[in-house]
Amino acid sequence: MEKDSVIIVPTEEKHIEDCVRIALQSWSIIHEEYARRLGQKLHDRIMTDWEAEKAKEVRAKQRSGNGYVALLDGNVVGFISYNVQGELGTIGLNAVDAACRGHGIAGKLHAFVLDKMRSEGATVAK
């Protein structure tokens with residue numbers, strides 16, 4: 001796979017559940033580590049329903065008008081969102097499908113939204 005064959009387009013409704021799937025895949029690794037460090041019982045107690053919360057957040061961000069997906073052969077392989085308030089641009093939720101990591105897709109998504117934020121007046125990004 002070459003990152004040049006990946007295209008970035010605005011998120012459409014048909015892409016949303018793929019974004020959710022990729023997000024849950026990515027954040028499950030983080031939560032596995034939390035559970036290891038905290039213990040499963042404590043993790044489950046303080047991170048109640050994290051999957052549903054993450055899915056809700058991804059859906060909202062991708063529907064915001066500032067959500068984009070990376071497509072490879074028509075399939076969603078990554079996503080990103082952003083927001084601009086005045087001169088501050090904020091990169092939001094983003095992830096790349098585990099099967100496609102290590103090919104520059106995240107870098108391409110980040111470069112894309114940095115350019116979008118600049119075009120909307122952002123001079124600082126976080």
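Colleague: Is Leu 109 buried or exposed in this predicted model?
Modeller: Leu 109 sits in helix α4, residues 105-119. Its relative accessibility is 2%. The cut-off for buried is under 20%. So Leu 109 counts as buried.

Colleague: Which residues does Leu 109 touch, leaving out those up to four places away in sequence?
Modeller: Leu 109 belongs to α4. Two of its contacts, Val 69 and Ala 70, are residues of β2. The full set is Ile 8, Val 69, Ala 70, Gly 78, Phe 79, Ile 80, Ala 95 and Val 96.

Colleague: How far apart are the C-alpha atoms of Leu 109 and Asn 94?
Modeller: Along the chain, Leu 109 and Asn 94 are 15 residues apart. In space, their C-alpha atoms are separated by 8.5 Å.

Colleague: Why is strand β2 described as largely enclosed by the rest of the structure?
Modeller: Take one side of β2: Gly 67, Val 69 and Leu 71 are buried. On the other side, Tyr 68, Ala 70 and Leu 72 are buried too. The strand is largely enclosed because the buried count is six of the six residues.

Colleague: In what sense do β1 and β2 pair, and over how many bridges?
Modeller: Strand β1 covers residues 7-10. Pro 10 stands opposite Tyr 68 in β2. The pairing of β1 with β2 is antiparallel, over four bridges.

Colleague: Which residue in β3 is the bridge partner of Leu 71?
Modeller: β3 runs over residues 75-85. It pairs with β2 in the antiparallel sense, over six bridges. In β3, the bridge partner of Leu 71 is Val 76.

Colleague: Which residue in the turn of the β2 and β3 hairpin has a positive phi?
Modeller: Two residues lie between the strands of this hairpin. Most residues other than glycine have a negative phi. The turn residue with a positive phi, about 55 degrees, is Asp 73.

Colleague: Is Asp 73 buried or exposed?
Modeller: Asp 73 lies in the loop between β2 and β3. Its relative accessibility is 72%. Exposed starts over 50%. So Asp 73 counts as exposed.

Colleague: What is the phi of Asp 49?
Modeller: Asp 49 is found in the loop between α2 (40-46) and α3 (50-62). At 48% relative accessibility, this residue counts as partly exposed. It is not a glycine, yet its phi is positive, at about 60 degrees.

Colleague: How many disulfides are there?
Modeller: A disulfide needs two cysteine sulfur atoms within 2.5 Å. For Cys 19, the nearest cysteine sulfur is that of Cys 100, 13 Å away. Cys 19 is buried at 0% relative accessible area, and Cys 100 is buried at 10% relative accessibility. The disulfide count is zero.

Colleague: Is α1 parallel, antiparallel, perpendicular or oblique to α3?
Modeller: The axes of α1 (residues 16-38) and α3 come within 9 Å and cross at roughly 135 degrees. Roughly antiparallel needs over 145 degrees, and roughly perpendicular spans 65 to 115. That makes α1, relative to α3, oblique.

Colleague: Which residues of α3 make the contact with α1?
Modeller: α1 passes α3 in a right-handed crossing. The α1 side includes Cys 19, Trp 27 and His 31. The α3 side is Trp 50, Glu 51, Lys 54, Ala 55, Val 58, Arg 59 and Gln 62.

Methods:
Residues numbered from 1 in each chain as written. Predicted model: local features only at pLDDT ≥ 70, side-chain atom pairs only at ≥ 80, totals over all residues. Heavy atoms only, no water. Buried < 20%, exposed > 50% of the residue type's maximum accessible area, 1.4 Å probe, protein only. Pairing = 2+ DSSP bridges. Axes fitted to C-alpha atoms, helices over the stretch in contact; angles between N-to-C directions. Parallel < 35°, antiparallel > 145°, perpendicular 65-115°, else oblique. Left-handed = near helix turned anticlockwise from the far one by under 90°. Contact = heavy atoms within 4.5 Å.
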